[in-house]
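Here are a few exercises to work through with the model open beside you. Try each task before reading its solution.

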Amino acid sequence: MEIDPLIFRLSIFILSIFVGYYVVWSVTPSLHTPLMSVTNAISSVIIVGAIIAGLSGNSDTIFNTSSIFGFLAIALAAINIFGGFLVTQRMLAMYKKKKKDK
Amino acid sequence: MISANLSAIFYLISGVLFILALRGLSSPETSRQGNLFGILGMIIAITVTFLSIGNFSNGFVFVLVFILLGGSIGAFIAYRIPMTAMPELVAGFHSLVGLAAVFVAISAFLNPEAFNLGTVGKIKLGSLIEMSIGAAVGAITFSGSIIAFLKLQGIMSGSPITFKGQHPLNAIILISIIILIYLLCSTQSSNLFWILLVTSFLIGFLLIIPIGGADMPVVISMLNSYSGWAAAGIGFTLENTALIITGALVGSSGAILSYIMCKGMNRSFFNVILGGFGATEETSSKSNKEQRPVKSGNADDAAFLMKNASSVIIVPGYGMAVAQAQHALREMVDTLKKNDIKVSYAIHPVAGRMPGHMNVLLAEANVPYDEVFELEEINNDFANADVAFVIGANDVTNPVAKTDPQSPIYGMPVLDVEKCKSVLFVKRSLSPGYAGIDNDLFYKENTLMLFADAKKMTEDITKNL
């Protein structure tokens with residue numbers, strides 16, 4: 001009997017939870033705020049679903065109820081992607097080591 | 001148009017890049033590179049989506065328009081936001097992830113053909129289950145984060161909002177959400193889908209209103225986790241590996257942060273979620289809160305004490321963020337260092353309104369991160385330090401947590417500030433902290449209270465040094 005593809009996705013999901021568990025425990029506590037903003041940015045990869053939804057209209061009607069929700073989701077996810085990565089960048093640039101001049 | 005197999009491999013690559021992005025955060029040196037991995041992963045995921053659809057006809061322009069529109073808003077916010085407002089920003093961003101998940105689910109429900117999920121009214125059962133879970137969690141994330149945002153922003157009072165029958169009501173709503181998902185999957189009725197969304201919005205709102213301001217670190221981490229699970233739910237619906245991996249990563253990341261925050265307060269997750277903390281204890285503490293003598297001083301006294309010290313430990317808290325005192329604080333420390341006084345910073349895990357809040361503020365004020373220490377790293381040093389300078393922190397320094405089993409904060413890990421030779425405590429008044437209890441530290445022999453605004457006082461001390 002063939003294995004349902006769902007099982008493969010479930011395997012990826014469960015293994016990723018474990019990867020996430022070990023990776024996040026190794027994050028230094030002083031970077032917990034950037035951790036939250038970067039997880040925010042990457043979870044907006046949901047934009048791939050939004051793009052599919054936005055392009056779901058057929059050639060004569062670009063805008064139907066379904067695709068409008070898609071376009072709105074694209075805008076929301078884009079705010080998060082740009083905002084999340086840039087604010088993380090801005091924060092990380094501030095973390096500096098002590099100057100060894102004394 | 002590229003094949004489904006090829007795009008699946010690219011999605012996997014972008015998932016791996018996201019793992020590396022989080023991995024980079026294990027130290028500040030590697031973190032910037034990690035962030036670039038994340039950006040690269042996102043670019044790959046978006047490009048592959050375009051290529052796999054392959055339909056560059058009419059809608060494509062609008063996709064770009066909306067990406068640019070959202071992107072410029074996001075970039076604008078990212079550059080303008082002050083570092084002290086980071087908790088609000090993160091809560092706001094979580095709400096957007098939640099809402100985006102809801103919108104994608106709505107779109108997929110209305111037009112399942114576009115997603116290869118079957119036809120309207122005959123959506124594949126598995127997909128419908130995944131979709132409705134994703135939509136429900138997304139809706140909870142959205143409304144919960146909105147409440148968290150309003151509380152952090154101060155638009156809504158930070159004190160817990162409780163009413164009779166709150167917990168039974170929430171339990172009933174949660175059970176009805178599960179029943180609704182079951183009914184929705186068996187009938188495919190679109191009415192049930194909308195009812196499910198509205199109910200989920202409602203429960204998100206109800207779950208967060210009873211939780212008080214200082215418990216926000218747990219709430220933000222929890223909503224962070226939810227936004228991940230919502231993304232994973234949608235990832236299953238769309239059969240997209242990048243989304244599943246990311247959802248799982250973010251979900252477990254938020255869960256770990258919530259755990260660390262709860263441990264920092266010695267409270268169980270459920271105790272925080274059920275809320276009401278800080279509102280109920282008021283009556284019990286009033287009885288013994290009679291006038292006790294405190295020693296109060298001015299900037300001159302504080303400067304004198306510090307000038308004669310050889311080592312000073314600074315304990316910042318949320319009050320420092322409110323007063324925006326981090327820059328003034330660093331100037332004071334610079335002056336101390338010029339006088340050959342050793343200075344370090346002690347950060348309690350729950351100081352501030354989100355995990356790592358104080359570290360970011362200190363980094364913003366150009367404090368080198370190797371002078372900043374976590375509770376376990378520095379707690380033994382208090383006994384050897386001459387002066388502890390507590391600025392904007394309160395409950396996390398309260399020795400009662402170690403001595404009084406009756407206290408609501410008993411067992412919470414606290415900074416051993418009282419072991420210092422002398423303690424300088426900057427505070428506006430003697431009012432109790434968030435836990436609603438008096439801080440014994442105020443009345444200790446070696447404590448000097450400095451009643452003033454944190455920023456003003458720090459500047460005055462610098463002048464007197």
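**Exercise 1. Find the salt bridge between Lys419(B) and Asp416(B), and place both residues by burial.**

Solution. Step 1: the side chains of Lys419(B) and Asp416(B) form a salt bridge with 3.4 Å from N to O; the term stands for a side-chain nitrogen of Lys or Arg within 4 Å of a carboxyl oxygen of Asp or Glu.

Step 2: Lys419(B) has a relative accessible area of 46% and is partly exposed, while Asp416(B), at 10%, is buried. Here buried means under 20% relative accessible area, exposed over 50%, and partly exposed in between, with a 1.4 Å probe and protein chains only.

Step 3: through shared partners, salt bridges join Lys402(B), Asp416(B), Glu418(B) and Lys419(B) into one network.

Before going on, a note on conventions. This is a predicted model, in which local features need pLDDT of at least 70 and side-chain atom pairs count only at pLDDT 80 or more, while totals for chains, interfaces and linings use all residues. Residues are numbered from 1 along each chain as its sequence is written, chains are lettered from A and ligands numbered from 1 in the order in which they are written, and side-chain values use heavy atoms, leaving out hydrogens and water.

**Exercise 2. Take two salt bridges that involve helix H14 of chain B, and work out how far apart in sequence the partners lie.**

Solution. Step 1: in the pair Arg330(B) and Asp334(B), the closest N and O atoms are 2.6 Å apart. Both residues sit in helix H14 (residues 326–338) of chain B, and because they are 4 residues apart, about one helical turn separates them. Helices (H or I, at least four residues) and strands (E, at least two) are DSSP runs, numbered from the N terminus. An α-helix has 3.6 residues a turn, so residues three or four places apart point the same way. Asp334(B) is partly exposed at 28%.

Step 2: Glu371(B) and Lys337(B) form a salt bridge at 2.9 Å, N to O. This pair links distant parts of the chain, 34 residues apart: Lys337(B) lies in H14 of chain B, and Glu371(B) in the loop between helix H15 (357–364) and strand E5 (372–374) of chain B. Glu371(B) is buried at 5%, whereas Lys337(B) is partly exposed at 24%.

Step 3: over all chains, the structure holds 11 salt bridges.

**Exercise 3. Is strand E7 of chain B enclosed or open, and which strands pair with E7(B)?**

Solution. Step 1: 6 of the 6 residues of E7(B) (residues 422–427) are buried, so the strand is largely enclosed by the rest of the structure.

Step 2: Ser422(B), Leu424(B) and Val426(B) point one way, with Val423(B), Phe425(B) and Lys427(B) pointing the other way.

Step 3: strand E6 (residues 387–391) of chain B runs parallel to E7(B) and is joined to it by 5 bridges. Strand E8 (residues 447–451) of chain B also pairs with E7(B) in the parallel sense, over 5 bridges. Pairing requires that DSSP finds at least two bridges between two strands.

Step 4: Leu424(B) stands opposite Phe389(B), and in E8(B) its bridge partner is Leu448(B).

**Exercise 4. Describe the secondary structure and spread of chain A.**

Solution. Step 1: chain A has 4 helices and 0 strands.

Step 2: its radius of gyration is 20 Å, well over the 13 Å that the globule rule gives for 102 residues, so chain A is more spread out than a compact globule. The radius is taken over C-alpha atoms, and the rule is 2.2 Å times the number of residues to the power 0.38.
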